[in-house]
Amino acid sequence: MPETSHITIGVAELADRIADGRRPVLLDVRYDPQREGSGHAAFAQGHIPGAVHVDLPGELARPGRPGEGRHPLPEPGDLQASARRWGINEDSDIVVYDTRAGLSAGRAWWLLRWAGLESVRILDGGLGAWTAAGHPLSLEPSAPLPGDVVLTPDRLPVIDADQAAEYARRGLLFDARGTDAYERGHIPGALSLPAAANLGEAGTLLDPEALRARYAALLPGRQPQRPPGPAPFAVYCGSGVAAAFQVSVLAALDIPVALYPGSWSAWSADPRREAALGPGPGLDPADLESGG
């Protein structure tokens, strides 16, 4: 991707904005799915100056009821209270980052866009790109002035399990997990489309030409005319985190995609739902309905 787009921001521009007093609201969304609570400890050991720590399981999700999966969407009122605590106002520019090249920060990007905020971008390459460029970290705790933002949810499309099954039946549902997780169990008919494959060796997004080539079958003009839900395609992952990053990548290419928030953690917990094992189809024009 370009270093700066309407979805991502490069390290150089972020550093310039901080230096000349145009600091955005910076949200540190570090999260290790294998080590709950590790994000706050990592934040305390060093973060981009002025950033606020965001607890992904606690603030970008809510405790799930049976069958909802690991990371159900937060209640809108709770998300608004968190956003105000982070210092977000109606006119704020927001930058989110992590140490997973956007695979966690994408959840914050998606939720804030879902909640009606337009000026939200992911730091391309995350904290690793920031430090690799020689920029400093801070150990100071952040205490921003409370914001006054009013969120208006439901601005991005979501689907439920029944809709996910129909998208999958028509070859329009993508699994954003890694290949190993996909082969251990996936929604029957879903196509394997790992979110991490959008990244180059440096942990930044592939250039636009490479991404357009990867997603040529999904570009405008190739999309189904009568999709089974609110967007031409849909995506899921393990618990609605990496899939949100996948939505951001496709949004940069003007490819609308609905998110299945419950994802595999909800689907696999429902005894009525079947699971497919082993390798399956990847993204290929022949696998997609073109006329819908």
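A salt bridge is counted here when a side-chain nitrogen of Lys or Arg lies within 4 Å of a carboxyl oxygen of Asp or Glu. The structure is a predicted model. By this criterion, Arg65 and Glu68 form a salt bridge. Their closest N and O atoms are 3.2 Å apart. Arg65 has a relative accessibility of 49% and therefore counts as partly exposed. Glu68 is also partly exposed, because its relative accessibility is 21%. The limits for this class are 20% and 50%. The pair does not stand alone: Arg65 and Glu68 belong to a network of salt bridges that also links Arg62 and Glu75. In total, the structure holds 15 salt bridges.

Another salt bridge is found in helix α7, which spans residues 161–169. Here the side chains of Glu166 and Arg169 meet, with an N to O distance of 2.7 Å. The two residues are 3 positions apart in the helix, so about one helical turn separates them. Their exposure was computed as well. Glu166 is partly exposed, at 27% relative accessibility. Arg169 is exposed, with a relative accessible area of 60%.

A further salt bridge joins the side chains of Arg177 and Asp175. The N to O distance is 2.7 Å. Both partners fall under the 20% limit for burial. Arg177 counts as buried because its relative accessibility is 10%. Asp175 is buried too, and its relative accessible area is 0%.

Burial was also examined in helix α4, which comprises residues 76–85. Four of its residues, Leu79, Gln80, Ser82 and Ala83, are buried. These residues cover an arc of only 160° around the axis, so they lie on the same side of α4. Other helices contribute to their cover. Among the elements that cover the buried residues of α4 are α3 (56–59) and α5 (105–114). Beyond the helix, the backbone continues to a glycine. Gly87 follows α4 and has a positive phi, near 95°.

Taken together, the salt bridges described above differ in their setting. Arg65 and Glu68 are partly exposed and sit within a network. Glu166 and Arg169 are partners within α7. Arg177 and Asp175 are buried.

Conventions: Residues are numbered from 1 along each chain as its sequence is written. This is a predicted model: local features need pLDDT of at least 70, side-chain atom pairs count only at pLDDT 80 or more; totals for chains, interfaces and linings use all residues. Side-chain values use heavy atoms; hydrogens and water are left out. Buried means under 20% relative accessible area, exposed over 50%, partly exposed in between (1.4 Å probe, protein chains only). The arc is that of the directions from the helix axis to the C-beta atoms. Contact means heavy atoms within 4.5 Å.
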